[in-house]
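Me: I would like to learn how to read surface patches, chain shape and salt bridges from a set of coordinates. Please take one case at a time.

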Amino acid sequence: MRRKDKVSFYGIFIFWLLFLQLPLAAYVAQEIPAAYQGRFRPADAYARLWLYDFCHSQSFDKTPALDLIWKLHVLGHSFLDQTRFFWLSSAQLKQQLGLDPHRSRFSYAELMPALTNSKSLLSKIAAYHFLKRYADPLNRSYSEKLELPQLAPGLWVSYRGNDLVLASSVNRLPWNTLKTGDILAFQTRDSSQFLRDHRKLSEEFLDLWAKLERFSALKGSRLKEEETYIQHFLELKKQNVPPKEIMAILEREHPLFQRLRLAGPLLQVLPSRHFPEEWYSLHALKVQLYDQEADALVPIRNFTKFSDEDFEQIRTSYMKWEQDLLQGNDNRTLWNLLNEQLFKAHQPRLGASYLEARGKTLTYPSAWQLKLERIYYQYPFIPFILLLYGTAAFLFILSLNLNNSRFHQWAFFLICLAFLAHTLLLAARSYILERPPVSNMFETVIYVPWIAVLCGLILRFFFKNSLILLAASLTSIILLILLEVTHLNHHLENVQAVLDSQFWLIIHVLMVVGSYGVFILGGVLGHFYLASFIWHRQETSSLAFLAKLILQILYLGTTMLISGTILGGIWAAESWGRFWDWDPKESWAFISSCLYLFIIHAFRFQKIGHFGLAAGAILGLLAISFTWYGVNYILGTGLHSYGFGSGGELFYYLFLIVEFSFLLLAYGMKKKIKKFKLTS
Amino acid sequence: MKSLKTLYHFLGSIYFALILIATAAFLVILGTLIEAQTDSHLLAAQWTYSHPFFNLLLGLFFINILVSALRRWPFKVKHIPFLITHLGLLMILSGTILKNFFGLQGSMDLIEGSASQSVYIPHSFALHIEKQEGEQLTAARFPLSMQRTLIDLSPFSSLQLKVLQTFPHSKEHLETWIKGNYAFIFGSLPIPVQEWKPGSAIQTHQQPDLLSWQLAAVRTPHIEEALKHFYIQNTEVIAASEVISLADALQNQNPLFHLQLDLSFSPIEGLQNPRLKVDWMKKETIEIPLAGSHALQPILTTPSYSYTPAVSIQLNGKPTLLILQDDQEDNYLCALSSQGQMHLIPFRQDSLQNLLVYNQGFEGYGVQAVFPFGLEKTNTEDKKQQQLIASLKQLLKEDPPLAPPLELLSQACQKTGSDLAETFVRFLYAWHQSHLFLLSPDAHLSPSLSLVLDHLEWNDRWQSEFKACQWISLLFMPLAEAIENGESALSFLKNHRWPFLDQLNAPDPSPQLLTALAQQVFALSSSLPSIDHVDLSPSEKGHLLSAFFKAYGLEYQTLASSEPIEESKTVWETPLTTKHQLAIPFTKLENNKPLLVLEAQEGSSKQRFTLAYDPSGTGLKWPLWGLYTFRFQPRQIDIPYRIRLREARQINYAHSNQPYSYESDIVIIDKEGKEEEATLSMNHVHETWDGYRFYLAGMSPARENGIKRIHVVVNHDPAKYLLTYPGALLVALGAILLFWMKPYAKKR
């Protein structure tokens, strides 16, 4: 076999493995959709997400997530109470709760008493929420006594002098620790400092408490609501209440839909017949209903969208399976049968619409979307793409140094392959979520390097130089590594209502965010230029070529950024009622545009040369990094708050310092050379 | 001339362009930093984007671009991309300037069902004034700058208004009953407010106009203690026809009864089931609720053979109104009735009970407190009987089949011509008042009742019942004696070998046990020997009749409804006023509530007053001389459309609180009264034919129920389609040509 054939053989093999094998595996899998946090997801992905919420990992103790969910569903939370199940990273919260600061996993049995007894922490949280509402301009009455329903309805806090006291206590965990008259905080008339100091703590606390509450709600197969229902029925029966009245009383006191909703928080896989957006837990199959004619409780009739036949089959197998499991016998054959029945019952509705709003509809996922989503969660795609880009970059460096065309061929092949995988990843996200992949930080961080590589490949086509591909793969590597280490939320979630809209918004975001990719590529090339300049102490011919490349990239990026920003203005004018409002994101897009216009004008009118252009590309990169990261994470205000977060400021400042030192070093070198030339 | 030419070239030069670009970028960076530091967009805008210097910068940009283009005259083909781009920029700039002068950008707040046709400009200042002359109402709005000025008030020529002082931020407190050191009630002189500490007495004030109501006003952080003290100070207890003050009764260890006042207060819930607990001879405990719909109706909390306590406890109060203020300046009104009933009404800063508007606000505003009792000492028992008689009469109208004892009574009534319902109730009440198991055979009855009872005829038809009643009477007399001596009914029956003990399905002690026993005697009576009797007196007949009723479970307490009795009302009223307090302004300017000090003069009358800013212009208008009303609010502009909000809704994603869509149905009514319906949603705007656009910008509250309030942005931009959008298109097109059109690029 000739070498070229070999390359193509391996290439085809890898391609086959990656892009044909996976779909095939998916095709065989039978995915049941389950409702979870606003979306209908494949059961497997749902289980992984659920577990990730609690213990920051997609499997627990080597048990696959889905198995654990089924177990929790039937047995309740008690078997996990002593296990270190909860992931808690906040040092401040751990300290407040008196927990071991070196551990990051805690058990329910540790957390629950720690939280419900921490009077000082609860006082701080209540004081924080009081001050937050007190400072809120919507609190027009300036009442010094406020209810805090977001913590617990009936919890009132008031000022007493300059101190905060609990005005009315509630009988509800964990707030029942605080008693009426307890002083929550001293001397808090200057609320801004207190609010700044406690914002994060409060968020972390509420997050943890919400998880504990969700965990506490896992009662297993015992349904409290059902038990009270049956008890009430027996009482009425004992009192010889006529059937018609029993019917009325029971329905009034225990509405059926309420009981179905409260049947269980896990495995909500049964679509309601009456409310298309509501799905019920498998426990709802055990709900009983009073029958007037029989004057007795009978199992509920089909309340799902399934056919009656399917419903009965599912109920029978589920009851049998649950009974077996409660007796300690995990009957996999029955479980498989149940899954198959559920899968079959779901088929007719997949892909159908279920919720209509003005100008848009929501649909159930299609069978293929479910399969793809499962695969998305199952395999570590980003490390794989990262590996491909890494190898490609390594081979590019080798080929440039050794001038070896074989390495170069391989490198080119790998970068194409990586780009293909990258494209498929983005396409998969778009296909599953039915929207372009640019509406949160995670998505933009995959989209930007994709644009950089795309731009690199296009420029490679025009300029026949592989340096740009090296720069593109480096851009991708840097950003994808950032993505891996920062643990951004990579889950497939719904888009915010504002962003779920028109064509023009999509174009605006794709263009503006795309320009970031182009500019980063330009910035990397700028580094090449300056580094090479420092190394060679003069401008070589390849450096002149590099400058030409940088100029083209700046042209492309600036066109995209300015047109994209103006399109954003038009979109804002059409849907928010204003063209431009000096929102921080807009302002920084303006600043970046100004900077690039400055550089381009200065270069076109020969005020700066190639060196200045390269340095300008780096400065522009810094401006772009601030527009992208800084506005969201450092400024943290404004209307473009779709991906706000916090963390990493220190690293960012370090990055700025390093970049400026590099620029200064290069500038110093240039000055020295000029002086040397003049003197010689 | 030369210097002019140099200037011309400089204005169109690349240097000038670079300086402008750099300055603009620098200013904007500054703006974002200010905004991040203070969290105030308004403050940042004041110092940068809205600063005159920034507008000057925009003007210079305009000149620079224009001159740089003119300098290239005469134009050649190679200039085309440059010209397109820069023409686009000029168009965008002029579009922006035109909109600032001729466009409209404002807000509208609508509540479901409400309508509006004026748009307010957020964070602007204006004074809304209304004048009432006879039937005629004139309204006008005057833009304000926050400097001290005399305002020109053209429609109200006789009024002169001067802004004496302005303050950046203030707090507005609503004052109701207590204002400063006096409490105010319509129809009374101001009452001095007493700073009350636990242990001291509450001073009451008598006022001639208010009949015999006493008034008191206290300011204290210890509301609960004050209420307790107030109640004890003004109440007496009548127990076993002995009158003692409540204070003594609580302290003295009376051998007969022991009292305990259970009164707890929460600033949120108000009085929490206040009650007086009476421990009578350590045998019975009685709870008397002091407030609420069942106030003063004693509840027996220990089990007994009777429905009612053996002792009658009554309360006697001095009718008093107490006005309280706590340290958050929330007011509470507590009234005490002549029978010792309490009622508390809170008036908190954020939730007034009600609002009275006098003459559309020209005469001011007020609040009202309504108490469910009056001064008169009504007999609740009497009313209860009246209610019972009335409802029975209603029932008897339809001639229903009567229970045997009632039938017997009705026969007697027919003979005497008395009313059955009334006789029945009076009889039961006489029995109830005797506190005995059966009506005493020698009870003193009213003549009318005696007359009816005298006509009771236990003829042949009633022989077996008559015998049964006699036996019941025979059994109950020793039983009552035994119970009086502390023996339980069951043990008495056991000792006397009562044969049907197992069938007595009622707890011991309970009134039901006695009924069950009477029923057993009834069932047995046919096999019992008959008892001789002489002529019976009316009260003896009544005694036997009560045994008959007992067997049928018909007693006063089982019939008398526990429905609250309609009582008279007392209404108090006080004017609603505001108190303004200067506060340290926030760095976030948007949150500040500026304060105006104004001086008004008309003819010889002159007055100073303060007004706090009302950010949405929907609050109360404050009166002056009964002639004018004022409101300090944002500038408002009327648009030629009237917008009514029908319904607003938030649609969430399945199984989450994350919103999927915000929508609101509105009706747009134009000047001719033509209606048009539209649905606004996020990113779906409604535009009228003449370019008014309505955007849904906000919705609250987020929860599903509750009346929704929406925030609509209204915009009218005459230059948009002419200048701004085409300009944007030209810039984008020009940039592409500029960067990649060959002839131009070749030059380098």
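**Patches, shape and salt bridges**

Reply: Start with the surface of chain B, where Met1(B), Leu4(B), Leu7(B), Phe10(B), Tyr15(B) and Ile19(B) make a nonpolar patch of about 690 Å². Two elements of chain B each give two or more residues to this patch: helix H1 (2–11) and helix H2 (14–38). Keep in mind that the model is predicted.

Me: Which element gives the most to the nonpolar patch?

Reply: H1(B) does, with three residues. Leu7(B) is found in this helix, H1 of chain B.

Me: Why does Leu7(B) count as partly exposed?

Reply: The class follows from relative accessible area: under 20% is buried, over 50% is exposed, and partly exposed lies in between. Leu7(B) has 44% relative accessibility, so it counts as partly exposed.

Me: Which residues form the positive surface patch?

Reply: Four lysines of chain A form it: Lys670(A), Lys671(A), Lys674(A) and Lys677(A). Of these, take Lys671(A), which is found in helix H23 of chain A, residues 649–679. Its relative accessible area is 43%, so Lys671(A) is partly exposed.

Me: Now the shape of a chain. What radius of gyration does chain B have, and what would a compact globule of 748 residues have?

Reply: The general idea is to set the radius of gyration against the value from a globule rule, which depends on the number of residues. Chain B has 42 Å, whereas a compact globule of 748 residues would be near 27 Å. The extents can be read beside this: the C-alpha trace of chain B spans about 145 × 60 × 50 Å along its principal axes.

Me: How many helices and strands are there in chain B, and what share of its residues count as buried?

Reply: Chain B contains 18 helices and 36 strands. As for burial, 47% of the 748 residues of chain B count as buried.

Me: Salt bridges next. How is one recognised, and how many are there over all chains?

Reply: The cut-off is 4 Å, taken between a side-chain nitrogen of Lys or Arg and a carboxyl oxygen of Asp or Glu. By this rule there are 41 salt bridges over all chains. In one of them, the side chains of Glu322(A) and Lys286(A) meet at 3.0 Å, N to O. The two ends come from distant parts of the chain, 36 residues apart: Glu322(A) sits in helix H12 (residues 308–326) of chain A, and Lys286(A) in the loop between strand E12 (279–281) and strand E13 (288–291) of chain A.

Me: Are Glu322(A) and Lys286(A) buried or exposed?

Reply: Glu322(A) has 5% relative accessibility, so it counts as buried. Lys286(A) has 18%, so it also counts as buried.

Me: What does a salt bridge in chain B look like, for Lys621(B) and Glu130(B)?

Reply: Their side chains meet at 3.3 Å, N to O. The pair links parts of the chain 491 residues apart, with Lys621(B) in the loop between strand E29 (605–612) and strand E30 (622–624) of chain B and Glu130(B) in strand E2 (residues 115–133) of chain B. Both Lys621(B) and Glu130(B) are buried.

Me: Where do Arg275(B) and Glu287(B) lie?

Reply: They form a salt bridge, with the closest N and O atoms 3.4 Å apart. Arg275(B) is in strand E18 (residues 275–280) and Glu287(B) in strand E19 (residues 284–289) of chain B, 12 residues apart. With 19% relative accessibility, Arg275(B) counts as buried. Bridges can also share partners: Glu31(A), Asp44(A), Arg48(A) and Arg374(A) are joined in this way into one network.

How values were computed: Residues are numbered from 1 along each chain as its sequence is written. Chains are lettered from A and ligands numbered from 1 in the order in which they are written. This is a predicted model: local features need pLDDT of at least 70, side-chain atom pairs count only at pLDDT 80 or more; totals for chains, interfaces and linings use all residues. Side-chain values use heavy atoms; hydrogens and water are left out. Patches are made of residues with over 30% relative accessible area and no salt bridge: like charges are joined within 9 Å, nonpolar side chains (Val, Leu, Ile, Met, Phe, Trp, Tyr) within 5 Å. Accessible areas come from the Shrake-Rupley method with a 1.4 Å probe; for residues, only the protein chains shown count as cover. Lys and Arg count as positive and Asp and Glu as negative; His and the chain ends are not counted. The place of a charge is taken as NZ of Lys, CZ of Arg, CG of Asp or CD of Glu. Helices (H or I, at least four residues) and strands (E, at least two) are DSSP runs, numbered from the N terminus. Buried means under 20% relative accessible area, exposed over 50%, partly exposed in between (1.4 Å probe, protein chains only). The radius of gyration is taken over C-alpha atoms; the globule rule is 2.2 Å times the number of residues to the power 0.38.
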